[in-house]
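Me: I should be grateful for a close look at a single part of this protein. Please choose one strand, describe its surroundings, and follow the chain onward from there.

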Amino acid sequence: MIRFRLTRGEPGDHLPECTGENLVLSTITAQIAQRPQALVVDLRQITFFGSAGIRVLGQAHADAQREGTRLAIVANQRLLLRTLAITQVDKVLDVYRNAFEALADIALNSY
């Protein structure tokens, strides 16, 4: 089960948490389809992250690139960070330790 929170990068603009691989992917895909400047996926509350999670992040990354949306991942758990490093997902996606860092970087690097 994947549990996460989405933030679109605008003050007070939080989307509800959701669980399950298909629901997570469809939720991220629906948000990216609206072409926000940035989308933050907060994974700090997850308890398990395996190949399904990697697949969701890979598809989300592809969707975000196609729509011109910057995708940021927030993760602070050792096991999750290690999984992202082993699979080299952390080389492809912007990974931050907290949402504040992600949103600050997005704000600083906006055009």
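Reply: The answer below concerns strand β3 and the parts of the chain connected with it.

The model is predicted. The protein has five helices and five strands, and from the N terminus these elements follow the order β-β-α-β-α-β-α-α-β-α. Of its 111 residues, 41% count as buried.

Strand β3 comprises residues 38-42, and five of its five residues are buried. In a regular strand the side chains alternate between the two faces of the sheet. In β3, A38, V40 and D42 lie on one side, while L39 and V41 lie on the other, and both faces are covered.

The neighbour to consider next is β4, residues 70-74, with which β3 pairs in the parallel sense over five bridges. Within this pairing, V41 has I73 of β4 as its bridge partner. Between the two strands the chain passes through helix α2, residues 51-67, and the resulting β-α-β crossover is right-handed.

Helix α2 also takes part in salt bridges, of which the whole structure contains six. One of them joins the side chains of R35 and E67, with a distance of 2.6 Å from N to O. R35 sits in the loop between α1 (21-33) and β3, whereas E67 belongs to helix α2; the two are 32 residues apart, and the pair thus links distant parts of the chain. R35 counts as exposed, because its relative accessibility is 57% and the cut-off for exposed is over 50%. E67, at 22%, counts as partly exposed.

A second salt bridge is formed by the side chains of R66 and D63, at 3.1 Å from N to O. These residues are three apart in helix α2, so about one helical turn separates them. R66 is exposed, at 56% relative accessibility. D63 counts as buried because its value is 5% and buried means under 20%. R35, D63, R66 and E67 are linked in a network of salt bridges.

At β4, a further salt bridge connects the side chains of R70 and D94, with 3.2 Å from N to O. R70 is in strand β4 and D94 in strand β5 (residues 94-96), 24 residues apart, so that this pair, too, links distant parts of the chain. Both residues are partly exposed: D94 has a relative accessible area of 32%, and R70 has a relative accessibility of 22%.

Contacts across the whole protein may be added here. Among those between residues at least 6 apart in sequence, 64% join residues at least 24 apart.

Notes:
Residues numbered from 1 in each chain as written. Predicted model: local features only at pLDDT ≥ 70, side-chain atom pairs only at ≥ 80, totals over all residues. Heavy atoms only, no water. Helix = DSSP H or I, 4+ residues; strand = E, 2+ residues; numbered from the N terminus. Buried < 20%, exposed > 50% of the residue type's maximum accessible area, 1.4 Å probe, protein only. Contact = heavy atoms within 4.5 Å. Pairing = 2+ DSSP bridges. Right-handed = clockwise from strand over helix to strand, strands pointing away. Salt bridge = Lys/Arg side-chain N within 4 Å of Asp/Glu carboxyl O.
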